Amino acid sequence: MSETEILTGVGAALGEVLGRPVAGLGPTTRQEDVEGWDSLAQIQLVLALGKRFGVKFTTREVMDFTDVGSIVASIGGKLG
């Protein structure tokens with residue numbers, strides 16, 4: 001799966017969690033850049049991504065999610 005496909009999936013998952021599409025999502029987008037992406041939404045996003053991509057994240061990995069690019073890289077690493 002390409003980084004673009006993963007990014008699209010992350011954007012779709014975040015949109016589902018927030019209940020609205022998220023425009024302009026890119027690798028450098030940070031949690032504080034998106035209205036409503038708070039700590040609860042982060043937990044919901046991690047669960048949604050696990051389900052969408054069939055992966056599991058460690059606590060350390062989740063703590064290292066500093067921006068969308070780090071999430072995409074983590075998923076990409078798990079998918080090989």
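A residue counts as buried when its relative accessible area is under 20%, and as exposed when that area is over 50%. In this predicted model, G15 has a relative accessibility of 12% and therefore counts as buried. G15 is found in helix α1, and, once residues up to four places away in sequence are set aside, it touches R20 and V22. The separation between G15 and V68 can be stated in two ways, since the two residues are 53 residues apart in sequence, while their C-alpha atoms are 13 Å apart in space.

From G15 the reader can pass to its sequence neighbour L14, which is among the residues with the most contacts inside the largest nonpolar core, together with V10, W37, L49, I71 and I75. That core has 21 residues, and at least two of them come from each of the helices α1 (3-18), α2 (39-53) and α4 (68-79). If neighbours within four places in sequence are left aside, the contacts of L14 are V22, L25, V34, W37 and L45.

Helix α2 deserves a closer look. A side-chain oxygen of D38 lies 3.3 Å from the backbone nitrogen of L40, and in this way D38 caps the N-terminal end of the helix. The length of α2 can be checked against expectation: with 15 residues at 1.5 Å a residue, the helix should span 21 Å, and because its end C-alpha atoms are 21 Å apart, the model agrees with that figure. The expected value is obtained by multiplying 1.5 Å by one less than the number of residues. Along α2 the buried residues are A41, Q42, L45, V46, L49, G50 and F53, and what covers them includes α1, α3 (59-63) and α4. Two of these buried residues have already appeared above, L49 among the core residues with the most contacts and L45 among the contacts of L14. Just after the helix, G54 takes a positive phi of about 70°.

The last stop concerns aromatic rings, for which a search of the whole structure finds one pair. The pair is formed by F57 and F65, whose ring centres are 5.3 Å apart and whose planes make an angle of 85°. Planes over 60 degrees apart count as edge-to-face, and the arrangement of F57 and F65 is accordingly edge-to-face. Are the two partners buried or exposed? F57 has a relative accessible area of 16% and is therefore buried, and F65, at 11% relative accessibility, counts as buried as well.

Notes: Residues numbered from 1 in each chain as written. Predicted model: local features only at pLDDT ≥ 70, side-chain atom pairs only at ≥ 80, totals over all residues. Heavy atoms only, no water. Core = buried A, V, L, I, M, F, W, Y, C linked by side-chain atoms within 4.5 Å. Buried < 20%, exposed > 50% of the residue type's maximum accessible area, 1.4 Å probe, protein only. Helix = DSSP H or I, 4+ residues; strand = E, 2+ residues; numbered from the N terminus. Contact = heavy atoms within 4.5 Å. Polar contact = N/O pair within 3.5 Å; in protein donor to acceptor, adjacent residues only side chain to side chain. Phe/Tyr/Trp six-rings, centres within 6.5 Å; stacked < 30°, edge-to-face > 60°.
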